[in-house]
Amino acid sequence: MNIVSLTLWTLEHNCYYVYTILIVFFIGFTVIHKNRMETNLNRTVSAKKKLARSWNSGRERDFPDDEDPDGLVPAIPEDIAHIPYKPPRRSNEEILEKSREYYELMAKRRTVRAFSPEPIPDEVLDNIIKTAGTSPSGAHTEPWTFVVVQDPEVKEAIRTIVEEEEELNYTQRMSRQWVTDLKPFATKHIKPYLSEAPALLLVFRQTHSWREDGKKKMHYYSEVSIAIAAGILLTAIQYCGLVALTSTPLNCNARLRDLLSRPGNERLELLLPVGRPHKDATVPDLPRKPLSEIMIKI
């Protein structure tokens, strides 16, 4: 009897056992596969929840829910006085004229990379920062610190740190498309304006602060708040006749924070060289999007 005949004879005379084994195998396979699917599903759900928590919190969670309800006290007095608000009343013609004047002024704002070394009066810098400090913020937490650097040695140290990190950014960290998109602006890791500009304004975002009673004071929407303050800062610089460069110091936060002795609850968001433009300064002839592409009326 050959192997094939023997196999067929065995199956015919032991079909009950064969079918039993197949059924047991099928049930076992189904249970194992079901457990694997449930495990993978649980992992996916857990990952999504973790991502959602991370997305909602950012670098610092804005909305903690682990506080003792009985110990909650507003960060500013609950009975704070409300005073009348009466800004100047202008006619439609005056409003229209003001809007035109301001647009024409701000339309001339450009990012400049060549600065005159002429010093800026301290009071001008004070007023610019005070103007930025009028920005709205979540629950009036004012989550900003503006560091003004005029000391030549500190400016040079800042330039050294930025150039070291920027060389790595351009050669290793940034995508090739990113570097390619910057070519029309002739930017590179060498940043002479950091030591040439008469002042550097470093905008730090406070993720949180501390109340007088020692408890942590949460800063809500700190990223949005600091972005609005930076916008007002740029308009103040333009309004008084100075220029700036909106520099984002990529991967420089920790080193510059240590250099300037800033606390761990602050994160560097912008580094702005500020001053008068150099007499030979040039800017690319760039168009801005027309109103039809940036506004939708409903």
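These are my notebook entries on helix α8 and its surroundings in a predicted model.

Entry 1, the chain as a whole. I began with the overall make-up, and for the secondary structure I noted 10 helices and six strands. Of the 298 residues in the chain, 28% are buried, and the exposed surface comes to about 21,600 Å², with carbon and sulfur atoms supplying 58% of that area. I also looked up how far apart contacting residues lie in the sequence: among contacts with a separation of 6 or more, 81% are between residues 24 or more positions apart.

Entry 2, the helix itself. I then turned to α8, which runs over residues 222–239, and found that its 18 residues reach 26 Å from the first C-alpha to the last, close to the 26 Å expected at 1.5 Å a residue. Just beyond the helix I checked glycine 241, which follows α8 and has a positive phi, near 95°.

Entry 3, the buried side. Which residues of α8 are buried? I listed Ser222, Ser225, Ile226, Ala229, Ala230, Leu233, Leu234, Ala236, Ile237 and Gln238. When I asked what these buried residues pack against, I found the helices α3 (92–107) and α4 (122–132), together with the strands β1 (144–149), β2 (199–206), β5 (243–244) and β6 (266–275).

Entry 4, the surface. Finally I looked for nonpolar surface and noted a patch of about 290 Å², made by Tyr221, Val224 and Ile228. I placed tyrosine 221 in the loop between β4 (216–218) and α8, whereas Val224 and Ile228 fall within the 222–239 range of the helix.

Methods:
Residues numbered from 1 in each chain as written. Predicted model: local features only at pLDDT ≥ 70, side-chain atom pairs only at ≥ 80, totals over all residues. Heavy atoms only, no water. Helix = DSSP H or I, 4+ residues; strand = E, 2+ residues; numbered from the N terminus. Expected span 1.5 Å × (residues − 1). Buried < 20%, exposed > 50% of the residue type's maximum accessible area, 1.4 Å probe, protein only. Contact = heavy atoms within 4.5 Å. Patch = residues over 30% accessible without salt bridge, like charges linked within 9 Å, V, L, I, M, F, W, Y side chains within 5 Å. Areas by Shrake-Rupley, 256 points an atom, 1.4 Å probe, with all protein chains shown as cover. Salt bridge = Lys/Arg side-chain N within 4 Å of Asp/Glu carboxyl O.
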